[in-house]
Amino acid sequence: MSDLRDLYQEVIFDHNRNPRNFGRLEGATHRAEGFNPLCGDQLTLYLKVGEDGRIEDVAFEGKGCAISTASASLLTESVKGRTLEEAERLFRGFHAMIMDEPAGEPVELGKLEVLAGVKEFPARVKCATLAWHTLHAAIEGQEQVSTE
Ligand code: ZN
């Protein structure tokens, strides 16, 4: 178990040091800004959604703690190529995992499970979920979202 935990931490460190899909996205169809005043995390999430409702491209920029940056980076890898509906299902599944609540439906979280340990640190939960709330806001057409 501790080996697994080390591996998870290594993935989080890696995504923080070298965030994937970082930067502004030209031609974005959806965009939202998210803030977590408790920690000072802020990010802007961009989506480029095709006519078939699939996320063709996704990117984020901003600054925040290691957990928020790694979570946003993992989010972009997880939702690229998915439909908005699938992305929302991932959001619900991820939220249930982090809040340690039963998921309403089975969701295959894949690599996102590296963040499961965050549920043991309630103060960091909002860091881990910020990018997901921002994704949800972007899909809903809201321009800004705050965790408070
Ligand atoms: Zn944070």
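Leaving aside neighbours within four places in sequence, with which residues is Val 114 in contact? In this predicted model, the contacts of Val 114 beyond that sequence window are Tyr 8, Val 11, Ile 12 and Leu 74. Val 114 itself is placed in the loop that runs between α3 (84–98) and α4 (125–140). Its relative accessibility is 9%, and Val 114 therefore counts as buried. A further spatial relation involves Ser 71, which is separated from Val 114 by 43 residues in sequence, while the C-alpha atoms of the two are 9.4 Å apart.

Ile 12, one of the contacts of Val 114, also belongs to the lining of the largest pocket. This pocket has a volume of about 460 Å³. Its lining comprises 18 residues, and those nearest the centre of the pocket are Gln 9, Ile 12, Gly 117, Val 118 and Phe 121. Both α1 (2–17) and α2 (66–79) supply at least two residues of the lining, with α1 giving the most, 6 residues. Divided by class, the lining of the largest pocket contains 12 nonpolar, 2 polar and 4 charged residues.

Enclosed space was examined as well. A search of the whole structure finds 1 cavity of 30 Å³ or more, and the largest cavity holds about 40 Å³ of space. The residues that line the largest cavity are Gln 42, Leu 43, Phe 60, Gly 62, Lys 63, Gly 64, Ser 68 and Thr 69. At least two lining residues come from each of β2 (41–49), β3 (55–63) and α2; the largest share, 3 residues, is that of β3. By class, the lining of the largest cavity has 2 nonpolar, 5 polar and 1 charged residues.

The model also contains a zinc ion, whose protein donors are Cys 39 (SG), Asp 41 (OD), Asp 41 (OD), Cys 65 (SG) and Cys 127 (SG). These donors lie 2.2 to 2.7 Å from the zinc ion. Along the sequence, the donor residues follow the spacing C-x1-D-x23-C-x61-C. Within this set, Asp 41 and Cys 65 link distant parts of the chain, being 24 residues apart. Asp 41 is located in strand β2, whereas Cys 65 is located in the loop between β3 and α2. Asp 41 counts as buried because its relative accessibility is 2%. Cys 65, at 15% relative accessibility, likewise counts as buried.

The largest nonpolar core consists of 41 residues, of which Leu 47, Val 79, Phe 94, Leu 115, Trp 132 and Leu 135 touch the most other members. Each of α1, β2, β3, α2, α3 and α4 supplies at least two residues of this core, and α4 gives the most, with 10 residues. In soluble globular proteins, nonpolar side chains tend to be buried together. The surroundings of Leu 47 were considered in greater detail. When residues up to four places away in sequence are not counted, Leu 47 touches Leu 25, Ala 28, Thr 29, His 30, Ile 55, Asp 57, Val 58, Leu 84, Leu 135, Ala 138 and Ile 139. Among these contacts, Leu 135 is itself one of the core residues that touch the most other members.

Terms used. Residues numbered from 1 in each chain as written. Predicted model: local features only at pLDDT ≥ 70, side-chain atom pairs only at ≥ 80, totals over all residues. Heavy atoms only, no water. Helix = DSSP H or I, 4+ residues; strand = E, 2+ residues; numbered from the N terminus. Buried < 20%, exposed > 50% of the residue type's maximum accessible area, 1.4 Å probe, protein only. Contact = heavy atoms within 4.5 Å. 1 Å grid on protein atoms, 1.4 Å probe; cavity = no way out; pocket = protein on both sides within 12 Å on 5 of 7 lines; lining within 4 Å. Points joined across faces, edges and corners; volume = space filled by probe spheres on them. Nonpolar A, V, L, I, M, F, W, Y, C, P; charged D, E, K, R; others polar. Donors = N, O, S within 2.8 Å, 3.2 Å for Na, K, Ca; no water. Core = buried A, V, L, I, M, F, W, Y, C linked by side-chain atoms within 4.5 Å.
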